[in-house]
Amino acid sequence: ILLLNRGMDPNAENYINSESVETMWVHKAIEFAELHFNLICSVPLPSQLKLTFHDDRIYEMFDRSFPSLRIDKLDEEDLKSAESKERWRTFCEKCNFLIDDFNYGTLLRIDTRGDYSEDNTIFSYRAQFYAIEIARNRRGLNDNLIIADVTSL
């Protein structure tokens with residue numbers, strides 16, 4: 001009712017994304033990705049790294065919700081199919097009070113052996129990002145990054 005009183009269209013389909021807002025989102029997402037990658041490459045063992053105050057709880061929830069999800073090299077269908085989207089939506093909603101901006105768009109590496117790049121990046125929600133990256137850390141899948149970084153010198 002308030003929208004109608006203010007002359008705003010209540011139909012979301014009649015709104016378009018502003019190019020400047022999309023550009024700002026892209027810059028924020030890239031900054032977040034760079035920060036994350038620099039962090040996991042700068043510690044001796046990312047498997048011992050905590051990304052949030054709630055890593056233990058997020059990992060438990062993720063492991064229970066997605067016990068067979070392959071996280072070393074993600075399959076886009078595991079995030080984007082209709083069935084997967086519904087499972088992830090339920091999971092993400094449970095993260096509402098554990099992760100700030102849990103539904104904010106974030107970039108996620110597809111393959112743990114690589115950096116963020118056009119071919120190795122997928123769009124995800126922040127809750128998906130943290131769940132998968134916390135699991136990757138716990139399972140030692142990011143530990144190869146520091147080794148690869150040192151051997152490339």
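Q: Which residues touch the most other members of the largest nonpolar core?
A: In this predicted model, that core has 37 residues, and Phe 62, Trp 88, Phe 91 and Ile 132 touch the most other members. Helix 2 (19-42), helix 3, helix 5 (82-94), strand 1 (105-109) and helix 6 each supply at least two residues. Helix 6 gives the most, with seven residues.

Q: What is Phe 62 in contact with, leaving aside its neighbours within four places in sequence?
A: Its partners include Trp 88, Phe 91 and Ile 132, and among the others are Pro 67, Leu 69, Ile 71 and Arg 139. Ala 131 and Ala 135 are also in contact with Phe 62. Contact here calls for heavy atoms within 4.5 Å.

Q: Why is helix 3 called roughly perpendicular to helix 6?
A: The two helices pack at an angle of about 95°, with their axes 9 Å apart. Angles from 65 to 115 degrees count as roughly perpendicular, so helix 3 is roughly perpendicular to helix 6. On the helix 3 side, the contact is made by Asp 55, Asp 56, Ile 58, Tyr 59 and Phe 62. Helix 6 brings Ala 131, Ile 132, Ile 134, Ala 135 and Arg 138 to it.

Q: How do you know how far helix 6 reaches, set against the expected value?
A: Helix 6 covers residues 126-138, which makes 13 residues, and its first and last C-alpha atoms are 18 Å apart. That is close to the 18 Å expected at 1.5 Å a residue. Just after this helix, Gly 140 takes a positive phi of about 75°.

Q: What makes helix 6 count as mostly covered?
A: Twelve of its 13 residues are buried, and buried means under 20% relative accessible area. Among them are Phe 129, Tyr 130, Ile 132 and Ile 134, but also charged-type names such as Arg 126, Glu 133 and Arg 136.

Q: Why are Glu 133 and Arg 136 said to form a salt bridge?
A: Their closest N and O atoms are 2.9 Å apart, and the cut-off is 4 Å, so the pair qualifies. Both residues lie in helix 6, three residues apart, about one turn of the helix.

Q: Are the two partners of that bridge buried or exposed?
A: Glu 133 has 0% relative accessibility and therefore counts as buried. Arg 136 is also at 0%, so Arg 136 counts as buried.

Q: What makes the pair of Arg 139 and Asp 63 a link between distant parts of the chain?
A: Arg 139 forms a salt bridge with Asp 63, with the closest N and O atoms 3.0 Å apart. Arg 139 sits in the loop between helix 6 and helix 7 (143-151), while Asp 63 belongs to helix 3 (residues 55-65), and the two are 76 residues apart. Values between 20% and 50% count as partly exposed, so Arg 139 at 32% is partly exposed, and so is Asp 63 at 33%.

Q: How do you know that Asp 56 and Lys 50 form a salt bridge?
A: The closest N and O atoms of Asp 56 and Lys 50 are 3.6 Å apart, and that is within the 4 Å limit. Asp 56 has a relative accessible area of 42%, so it counts as partly exposed. Lys 50, at 46%, is likewise partly exposed.

Q: Which residues are linked in a network of salt bridges?
A: The network links Lys 50, Asp 56 and Arg 138. The structure holds nine salt bridges.

Methods. Residues are numbered from 1 along each chain as its sequence is written. This is a predicted model: local features need pLDDT of at least 70, side-chain atom pairs count only at pLDDT 80 or more; totals for chains, interfaces and linings use all residues. Side-chain values use heavy atoms; hydrogens and water are left out. Helices (H or I, at least four residues) and strands (E, at least two) are DSSP runs, numbered from the N terminus. The expected span of a helix is 1.5 Å times one less than its number of residues. Buried means under 20% relative accessible area, exposed over 50%, partly exposed in between (1.4 Å probe, protein chains only). A salt bridge is a side-chain nitrogen of Lys or Arg within 4 Å of a carboxyl oxygen of Asp or Glu. A nonpolar core is a set of buried Ala, Val, Leu, Ile, Met, Phe, Trp, Tyr and Cys residues joined through side-chain atoms within 4.5 Å. Axes are lines fitted to C-alpha atoms, for helices over the stretch in contact, and angles run from 0 to 180 degrees between N-to-C directions. Angles under 35 degrees count as roughly parallel, over 145 as roughly antiparallel, 65 to 115 as roughly perpendicular and the rest as oblique.
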